[in-house]
Amino acid sequence: MSELPSDSCSGSHAWQLESFHRRLTERCGGPVVVRVNNNTSTLVSVRPGNPPVLSVHRIFLMCGDDVIRALAQYVRRPTDHCRRILRRFIREREATIGTATPRPPRLTLRARGRVYDLHALAEQVKAEHFGPELRVHITWGRGSTQRRSPRRHIVFGSFEHRSRVIRIHPVLDSADVPEFFVRFVIFHEMLHAMLDPEHDADGRRYVHTPEFRRRERQHPDYHRAREWENAFMRGDV
Ligand SMILES: [Zn+2]
């Protein structure tokens, strides 16, 4: 089980959180609930229980295996060694903490990539699954197009509600990436544009609601897109 904080709709992403959660539970050897926080002081905390609840700042969603190991140890029984690793990770990323304050939307949209024209693909996805009333912009995001192995986690897409901009990670602008996968990522982000987040009794906001998951699973490429993503993360494709 993994949860997003109440104000994390735009930019937050299933691919990122799910991968983090999967890596962590594998390391822990048992279930762990993950909560993502936007704290500026306590960036990591654990509430023991069955299952334990780990609260981490979003910077941890893109951490390496050494940090995942340290987090798993921290969940089981905090040691000086794992605390040192976590402190070092936080120190290295201090500059990026607190940048969650809204930035003005980037107005330069760049849809035509080297391999894929996002505008053309988005029009197809829209026609096939949503209809003309859906209004979104789409652009390649910023980020390295280098494919490293083993791969660090990558957010393939995001949707910003305020500007209604879908951003797709430029690593997908490659002939090695099948078109169905790019279309599936676009579909996922368009679903965010279509479906409103839900709130639970505590006011927590869920962007990947049961209805969202239901609609996502109905996509004909759902399974092969997940398989391709997993293979990509393993460095197999
Ligand atoms: Zn999502």
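This report walks through the salt bridges and the zinc site of a predicted model.

## Ground rules

Since you're looking at a predicted model, local features need pLDDT of at least 70 and side-chain atom pairs count only at pLDDT 80 or more, while totals for chains, interfaces and linings use all residues. Residues are numbered from 1 along each chain as its sequence is written, and side-chain values use heavy atoms, with hydrogens and water left out.

## Salt bridges

Side chains of opposite charge can pair when their charged atoms come close. To count as a salt bridge here, a side-chain nitrogen of Lys or Arg has to sit within 4 Å of a carboxyl oxygen of Asp or Glu. By that rule, the structure has 12 of them.

Let's start with Asp65 and Arg23, whose side chains meet with 3.0 Å from N to O. This pair links distant parts of the chain: Asp65 belongs to helix α2 (residues 65–76) and Arg23 to helix α1 (residues 14–28), with their positions 42 residues apart. (Helices are DSSP runs of H or I with at least four residues, strands are runs of E with at least two, and both are numbered from the N terminus.) Asp65 is partly exposed at 44% relative accessible area, whereas Arg23 is buried at 18%. Those words have cut-offs: buried is under 20% relative accessible area, exposed is over 50%, and partly exposed is in between, using a 1.4 Å probe and protein chains only.

## More pairs, and a network

Now for a pair inside one helix: Glu179 and Arg183 form a salt bridge at 3.6 Å, N to O. They are 4 residues apart in helix α5 (residues 179–194), which means about one helical turn separates them. Glu179 is partly exposed, at 36%, but Arg183 is buried, at 17%.

Arg112 pairs up with Asp117, and their closest N and O atoms are 3.6 Å apart. Here Arg112 is exposed, at 63%, and Asp117 is partly exposed, at 22%. Salt bridges can also join into a network, as they do for Glu18, Arg213, Glu216, Arg226 and Glu229.

## The zinc site

Three histidines hold the zinc ion: His188, His192 and His208 each coordinate through NE2, at 2.0 to 2.1 Å. Along the chain, these donors follow the spacing H-x3-H-x15-H. His192 and His208 bring distant parts of the chain together, as His192 is in helix α5 and His208 is in the loop between β9 (205–206) and α6 (210–217), 16 residues apart. Both of these histidines, His192 and His208, are buried.

A donor is an N, O or S atom within 2.8 Å of the metal (3.2 Å for Na, K and Ca), and water is not among the atoms, so sites may look incomplete.
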